[in-house]
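User: Hi! I'd like to walk through this model with you, one question at a time. Could you take me through the reasoning behind each answer?

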Amino acid sequence: MCGIVGYFGKRSAQEFLLEGLRRLEYRGYDSAGIALVEKGKLRVTRSVGKVSVLEDRLSGKVGTSMIGIAHTRWATHGKPSEKNAHPHTDCTKRVAVVHNGIIENYRELKETLEQQGHVFRSETDTEIIAHVLEEEMKTNTFEGAFAQTLKRLRGAYAIVAVSESSPNVMLAARLSSPLVLGIGEGEMFLASDVSALVGDVKRVVYLDDGEMVVLDVEGYVVKTLANKRQKKEEVTLEWDRSKAERGGFPHFMLKEIFEQPKSFADALRGRLIPEEGHARLGGLKAIEKRLRTIDRIIIVSCGTSYHSGLVGEYMLEEYAGIPTEVEMASEFRYRKPLLGKKTLVIAISQSGETADTLAAIREAKEKGVLTIGIVNVVGSSISRETDAGVYCHAGPEISVASTKAFTSQLAILALLSLYLGRQRGLSLVLGQRIAKELLLLPQYMERVLEHAPIIKKLAKKYAKQSHYLYLGRKYNYPNALEGALKIKEIAYVPAQGYPTGEMKHGPIALIDSSVMAIMMVPRDSVYEKNMSGMQEILARGSRVIAIGTEGDTELSQQATDTLLLPKTLEMLSPILSAIPLQLFAYYIAVERGYDIDQPRNLAKSVTVE
Ligand code: F6R
């Protein structure tokens, strides 16, 4: 979604801000803008389209400013246009703000402001903030007025503001929308996403809801809106720039797909005790005793993270013996979930900022339920608001389409199943087997990646196909959903994911020679069932790409095209079969000529409802 960067320091603010915006491009946006404080005056430049357009607008005007704010906008209120792009200013153009989130009471505020004589130039909710600030500044300092303004806003926000009245001050605040302060040598940064700061800062401060931060020449102070100083921890940022760059790959998505053997190994690192058939999860140590009493698990998540949760459901029930349900966070938050004292709610989220997942966790916490997070972004809201958690350690995932985060989430869910299983009745021998196999997976993943050239050819062959059906069963059913999601989001091809066993109950009516099915048919406990499902589809004229197990000649003889993957435990097979699905979607999108890292209408982290 929208991206914010702010700079306060000793070098050209313009240069850093443009670079920061470029680093946030992956989040999805339709317009961009920048406000620089130059010799006490504000200079605002905005444009529709890419950051490069904004850069062209600014060229020739290399600012001397060392203070500035910038924004990439993903339209919510009002269409993508220059006048709707941020930063927004007040009537006098002496205050500029950038904002992520939604101001829910913007209509009533606008009405009041209009009665007071304010004139609006955009259709956005953000512009309201600049005008409220202008109004409050009539009787207050910039800082005091900022706090008063925030008290009048309802909704979600990360806001950064600058003003000509205090040209050496920058103010920022957050409520349900991420904002991080980066600390460098003699310079300070603000960003809605830590990946904008990687390489420039070593220490960060994660702001919490209801906090504001004041930056001035003395440094920074974090306060509540009631002016109470907050003591904040400065956290070391471990990601380095090379991890957030494309490293020779044409797209982040492809780079991240190929990173999976490493990111998977990183998720396991130091967490397996193979000889004891056990997992060591430091992030759960404090709640170890409480976890022993858990008798029900609810997993809440969205999109790809929801799909990993579905695989987790099979793992946790089979190996930990705990009844598990998975629910889309957007649904969970609005029903009246019945949660017992022994229920554990697990939030899965790459970004750790997804609004629905965060709201679901808050709902669970309100009911006094134990919550844990399986999160990739260290220090993100979900990681901080859950009682405990396990980080994925996948490194920055820049591609909007999630790939390596998915397999890392599956690594953590397998570790968690082992951990909870061994706390209960899971045998040492079975525990050892799972641990041993998990350690082999990175090399199996390398072998799967060797299929990339074949998958590329398949994508060429099927590039014009107008609809796909993804089918799988048991552990591979969630991957059918995930495969369909991937091809929809980056190649814009309608696709449906379905459990193979459900075909007979309706969807088989769709099958004819125009249909292309992608089926997961590993040699597992449902192999025979899958094979007969495939026969039914082939018999009705559809073509099938089958993803099976190495050595399965029977499958190769029957399917139209086959990809055979290393044999592993059934519970781990989706970790391998996810990779060809990701590659297939990627190469289809390449064939169709789409902007893979920035698919239309999508945002990397969905911080609003
Ligand atoms: C799909 C995708 C989205 C996210 C979803 C949840 O490729 O990236 O479906 O999985 O928006 O995001 P997180 O995991 O950040 O909570």
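User: How many bridges join strand β8 to strand β12, and where do they lie in the sequence?

Analyst: Happy to help, and please keep in mind that this is a predicted model. Strand β8 covers residues 170–175 and strand β12 covers residues 211–216, and the two run antiparallel. Within this pair, Ala 173 stands opposite Met 212. The number of bridges joining β8 to β12 is 5.

User: Which strands stand at the edges of the open sheet of 6 strands, and why is one side of each left without a neighbour?

Analyst: The order in this sheet is β5-β6-β7-β8-β12-β13, with antiparallel pairing. Each edge strand has a single partner strand, so one side of it is left without a neighbour in the sheet. The two edge strands are β5 (88–89) and β13 (219–224).

User: At what angle does helix α5 run to β7?

Analyst: Two helices are worth placing on this sheet. Helix α4 (residues 126–136) packs on the sheet by touching β5, β6 and β7, and its direction makes about 130° with that of β6. Helix α5 (residues 142–152) lies across β7, β8, β12 and β13. Its angle to β7 is about 165°.

User: Now the sheet of 8 strands: which are its edge strands?

Analyst: This sheet is also open, and its strands follow the order β3-β2-β4-β1-β10-β9-β11-β14 with antiparallel pairing. An edge strand here pairs on one side only. The edge strands are β3 (41–48) and β14 (235–236).

User: Which residue of β3 stands opposite Ala 32?

Analyst: Strand β2 (residues 31–38) and β3 pair in the antiparallel sense over 8 bridges. The residue in β3 that stands opposite Ala 32 is Ser 47.

User: Which helix lies across β2, β3 and β4, running at about 135° to β3?

Analyst: One candidate is helix α1 (residues 13–23), but α1 lies across β1, β2, β3, β4 and β10 and runs at about 155° to β1. The description you give, with about 135° to β3, belongs to residues 51–58, which form helix α2.

User: Are helices α13 and α19 roughly parallel or roughly antiparallel?

Analyst: Two packed helices are described by the angle between their axes and the distance between the axes. Helix α13 (residues 404–423) and helix α19 (residues 573–592) pack at about 175°, with axes 10 Å apart. Angles over 145 degrees count as roughly antiparallel, so α13 relative to α19 is roughly antiparallel.

User: How many nonpolar residues does the contact of α13 with α19 have?

Analyst: From α13 come Phe 406, Thr 407 and Leu 410, while α19 brings Pro 574, Ile 575 and Ala 578. By class, the contact has no charged residues and 1 polar residue, and the number of nonpolar residues is 5.

User: On to the ligand: how far is a polar side-chain atom of Ser 351 from an oxygen atom of the ligand?

Analyst: There are 14 residues around the ligand, and those that come nearest are Ser 305, Ser 349, Ser 351, Thr 354 and Glu 489. A backbone N or O atom of Thr 304 lies 3.1 Å from a ligand oxygen, and a polar side-chain atom of Lys 486 also has a ligand oxygen at 3.1 Å. For the polar side-chain atom of Ser 351, the distance is 2.7 Å.

User: Which peptide bond is cis, with omega near 0°?

Analyst: Most residues other than glycine have a negative phi, and most peptide bonds are trans. On the phi side, Ser 176, in the loop between β8 and β9, has a positive value near 60°. On the omega side, look at Pro 87 in the loop between β4 and β5: the cis bond is the one from His 86 to Pro 87.

User: Which side chain makes a polar contact with the side chain of His 251?

Analyst: His 251 is in the loop between β14 and α6. Leaving out residues up to four places away in sequence, His 251 touches Arg 246, Tyr 586, Ile 596 and Asp 597. The side-chain polar contact, at 2.7 Å, is with Tyr 586.

Definitions and conventions: Residues are numbered from 1 along each chain as its sequence is written. This is a predicted model: local features need pLDDT of at least 70, side-chain atom pairs count only at pLDDT 80 or more; totals for chains, interfaces and linings use all residues. Side-chain values use heavy atoms; hydrogens and water are left out. Axes are lines fitted to C-alpha atoms, for helices over the stretch in contact, and angles run from 0 to 180 degrees between N-to-C directions. Helices (H or I, at least four residues) and strands (E, at least two) are DSSP runs, numbered from the N terminus. Angles under 35 degrees count as roughly parallel, over 145 as roughly antiparallel, 65 to 115 as roughly perpendicular and the rest as oblique. Contact means heavy atoms within 4.5 Å. Ala, Val, Leu, Ile, Met, Phe, Trp, Tyr, Cys and Pro count as nonpolar, Asp, Glu, Lys and Arg as charged, and the others, Gly among them, as polar. Two strands pair if DSSP finds at least two bridges between them. A residue is near a molecule or strand if one of its heavy atoms lies within 4 Å of it. A polar contact is a pair of N or O atoms within 3.5 Å; within protein, one must be able to donate a hydrogen and the other to accept it, and residues adjacent in sequence count only if both atoms are side-chain atoms.
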